[in-house]
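Dear colleague,

Please find below the structure that I am handing over to you, together with its sequence. My findings follow directly after it.

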Amino acid sequence: MLSRGEDYYYEVRERFNKSRNPLDFIFLNRSCFNGVMRFNSKGEFNVPFCRKPDRFRQAYVTKIVNQISQIRKIMHDKDWEFRVGDWRNVLENVTEDDFVYLDPPYIGRHTDYYQQWSEDDAADLVRIARDLPCSFAMSMWKENKYRINYYVTRYCDGLIERTFSHFDHVGATVNHRNLMQEALLIKPGYATSSCHTEQCPKAVHLQFNLDEVEHTATTGKAHSYCNSWLY
Ligand SMILES: C[S@@+](CC[C@H](N)C(=O)[O-])C[C@H]1O[C@@H](n2cnc3c(N)ncnc32)[C@H](O)[C@@H]1O
């Protein structure tokens, strides 16, 4: 793989577009250009290879394998159901035994969701989340060196905020790839007392320190309308 990484990448990409093997997808997602997820109009994954030197170094491969194995342990032996749908429909079925993790489109940033995600959606999401019978946590960008996210100040008042910084790789040009402060906004009463916060000049594996993760692991019940677990 080290000697023919790029050729191998395209081989797997072609195979994935025919077979949809999830393990192939993990490989592509971890070795494609900046971890971008993009499909063409035929539904084919079309992101090019990421030509970073030392792309498949042992430490990186080990990290991915460890992440998969951690998630596998959490998911093992539980009754999981995956649903694809509008978040409003998914949240209608939430009960008090659930924990909800929300990873919505980032409002106020140039993320292309075909203009389907408006400020009204973003405001509704946090309003409806506050009325849920259970706890929730929501990821959101907070600030970078140019801007502060007004959404957090305007709509997330009273939520517990845990912040951390990481390097944003997905900017269109190098100038747009900066240190970004992200926030995890948690329903009061459910956050742990301390949280590890780190400033890193490069990409990091984001890890949240929440009681609810334990809770989710035990009950196997979690509602998330997106599937975020690898960064
Ligand atoms: C920040 S991304 C989440 C990425 C995901 N956590 C992952 O790691 O792949 C936001 C996601 O919200 C989805 N989305 C946009 N509008 C939505 C809606 N009305 N209902 C449910 N999901 C929506 C987008 O398709 C996108 O995948």
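Which residue of β4 does M140 stand opposite? The residue is A183. Please note that this is a predicted model, and that everything reported here is computed from it.

**Overall composition**

The protein chain contains 7 helices and 5 strands. Along the sequence they follow the pattern α-α-α-α-β-α-β-α-β-β-α-β. The chain has 231 residues, of which 16% count as buried. When contacts between residues at least 6 apart in sequence are considered, 64% of them join residues at least 24 apart.

**Strand pairing**

Strand β2 (residues 135–144) takes part in two of the pairings described here. With β1 (residues 99–102) it pairs in the parallel sense, over 4 bridges; within this pairing, S135 of β2 is the bridge partner of F99. With β4 (residues 179–186), strand β2 pairs in the antiparallel sense, over 7 bridges, and the M140 and A183 positions named above stand opposite each other.

Strand β4 is also joined to β3 (residues 160–167) by 8 bridges, and these two strands run antiparallel. Here R162 stands opposite L184 of β4.

**Burial and the nonpolar core**

Strand β1 is covered on both of its faces. F99 and Y101 are buried on one side, while V100 and L102 are buried on the other. In a regular strand, side chains alternate between the two faces of the sheet.

L102 appears again in the largest nonpolar core, which has 22 residues. Together with A129, A137, M138 and L185, L102 is among the residues that touch the most other members of this core. At least two core residues are supplied by each of β1, α5 (119–130), β2 and β4.

**Positive phi angles**

Two residues other than glycine deserve a separate mention for their backbone angles.

- N34 has a phi near 55° and is found in the loop between α2 (22–31) and α3 (58–75). N34 is partly exposed, because 13 other C-beta atoms lie within 10 Å, and a residue is exposed at 12 or fewer.
- D77 has a positive phi of about 70° and is placed in the loop between α3 and α4 (87–92). D77 counts as exposed, because it has 7 C-beta neighbours inside 10 Å.

With kind regards

Key:
Residues are numbered from 1 along each chain as its sequence is written. This is a predicted model: local features need pLDDT of at least 70, side-chain atom pairs count only at pLDDT 80 or more; totals for chains, interfaces and linings use all residues. A residue is buried if 20 or more other C-beta atoms lie within 10 Å of its own, exposed if 12 or fewer, and partly exposed in between; C-beta atoms are placed from the backbone. Two strands pair if DSSP finds at least two bridges between them. A nonpolar core is a set of buried Ala, Val, Leu, Ile, Met, Phe, Trp, Tyr and Cys residues joined through C-beta atoms within 7 Å. Two residues are in contact if their C-beta atoms, placed from the backbone, lie within 7 Å.
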